[in-house]
Amino acid sequence: VPLDPRETVSSDVSLGGLRLMTPTPLENGTMLDLEIIIGEDENYPISAEGEVMWQTKISNVSYETGVMIKGMPDPDKKRFMEFVFDQMSKVVV
């Protein structure tokens with residue numbers, strides 16, 4: 001049964017996955033169709049398939065959710081990698 005589309009924010013992004021804040025509980029192993037918006041570029045979201053790996057209840061309406069990226073089209077993968085490496089370079093001194 002497909003879930004309703006949800007908008008969420010990621011506080012942690014790596015090449016292997018995302019940590020998301022979600023409004024509902026999700027079972028480990030749940031597959032998600034993701035559209036990742038980088039910066040202000042809402043017209044060109046990155047498409048990805050992810051799998052829920054873990055979840056922690058933060059409040060009655062918020063769950064911290066670890067999602068492993070399982071697949072991504074090559075052009076999107078290139079943009080995503082560039083974004084992650086750019087963010088890493090801003091952190092490294």
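## Asp33 and strand β3

Asp33 is found in strand β3 of this predicted model. Its relative accessibility is 75%, and because the threshold for exposure is over 50%, Asp33 counts as exposed. Between the C-alpha atoms of Asp33 and Ile69, which are 36 residues apart along the chain, the separation is 10.0 Å.

Strand β3 spans residues 31–36 and is one of the elements that each supply at least two residues of the largest nonpolar core. Leu34 and Ile36 are among the residues with the most contacts inside that core.

## Overall architecture

The protein has 1 helix and 5 strands. Read from the N terminus, the elements follow the order β-β-β-β-β-α.

Of the 93 residues, 27% count as buried. The accessible surface amounts to about 6700 Å², and carbon and sulfur atoms account for 55% of this area. When contacts between residues at least 6 apart in sequence are considered, 49% join residues at least 24 apart.

## The nonpolar core

Which residues have the most contacts inside the largest nonpolar core? They are Leu34, Ile36 and Phe80, in a core of 15 residues. Contributions of at least two residues each come from β2 (17–22), β3 (31–36), β4 (46–59), β5 (62–71) and α1 (74–91).

Phe80 illustrates how parts of the chain meet. Leaving aside residues up to four places away in sequence, Phe80 touches Val13, Ser14, Leu15, Leu18, Ile36, Ile38, Ile46, Ile69 and Met72. Among these partners is Ile36, itself one of the residues with the most contacts inside the core.

## Strands β4 and β5 around Met21

Ile58 lies in strand β4. With a relative accessible area of 48%, Ile58 is partly exposed. Its contacts, not counting residues up to four places away in sequence, are with Met21, Tyr63 and Glu64. The C-alpha atoms of Ile58 and Met21 are separated by 8.9 Å, although the two residues are 37 residues apart along the chain.

Ser62 is found in strand β5. Is Ser62 buried or exposed? Its relative accessibility is 16%, and Ser62 therefore counts as buried, since the cut-off for burial is under 20%. Beyond residues up to four places away in sequence, Ser62 touches Met21, Thr22, Thr56 and Lys57. Met21 thus appears in the contact lists of both Ile58 and Ser62.

## Helix α1: Asp76 and its partners

Asp76 lies in helix α1. At 13% relative accessibility, Asp76 counts as buried. Outside the range of four places in sequence, Asp76 touches Pro45, Ile46 and Ser47. Ile46 is also among the residues touched by Phe80.

Asp76 takes part in a salt bridge with Arg79, in which the closest N and O atoms are 3.8 Å apart. Both residues lie in helix α1, 3 residues apart, or about one turn of the helix. The partners differ in their accessibility class: Arg79 is partly exposed at 27%, whereas Asp76 is buried at 13%.

## Other salt bridges

The structure holds 6 salt bridges. One of them joins the side chains of Lys77 and Asp74, with an N to O distance of 3.9 Å. Because Lys77 and Asp74 are 3 residues apart in helix α1, about one helical turn separates them. Lys77 is partly exposed, with 36% relative accessibility, while Asp74 is exposed, with 59%.

Another salt bridge links the side chains of Glu82 and Lys78, with an N to O distance of 2.7 Å. These two residues are 4 apart in helix α1 and so are separated by about one helical turn. Glu82 is partly exposed, with a relative accessible area of 45%. Elsewhere, salt bridges with shared partners join Asp12, Arg19 and Glu64 into one network. Glu64 is also one of the residues touched by Ile58.

## A nonpolar surface patch

Which residues form a nonpolar patch on the surface? Leu15, Met81, Phe85 and Met88 do so, and together they have about 350 Å² of accessible area. Met88 is found in helix α1 and is partly exposed, with a relative accessible area of 43%. Leu15, a member of the patch, is also among the residues touched by Phe80.

Methods:
Residues numbered from 1 in each chain as written. Predicted model: local features only at pLDDT ≥ 70, side-chain atom pairs only at ≥ 80, totals over all residues. Heavy atoms only, no water. Core = buried A, V, L, I, M, F, W, Y, C linked by side-chain atoms within 4.5 Å. Buried < 20%, exposed > 50% of the residue type's maximum accessible area, 1.4 Å probe, protein only. Contact = heavy atoms within 4.5 Å. Patch = residues over 30% accessible without salt bridge, like charges linked within 9 Å, V, L, I, M, F, W, Y side chains within 5 Å. Areas by Shrake-Rupley, 256 points an atom, 1.4 Å probe, with all protein chains shown as cover. Salt bridge = Lys/Arg side-chain N within 4 Å of Asp/Glu carboxyl O.
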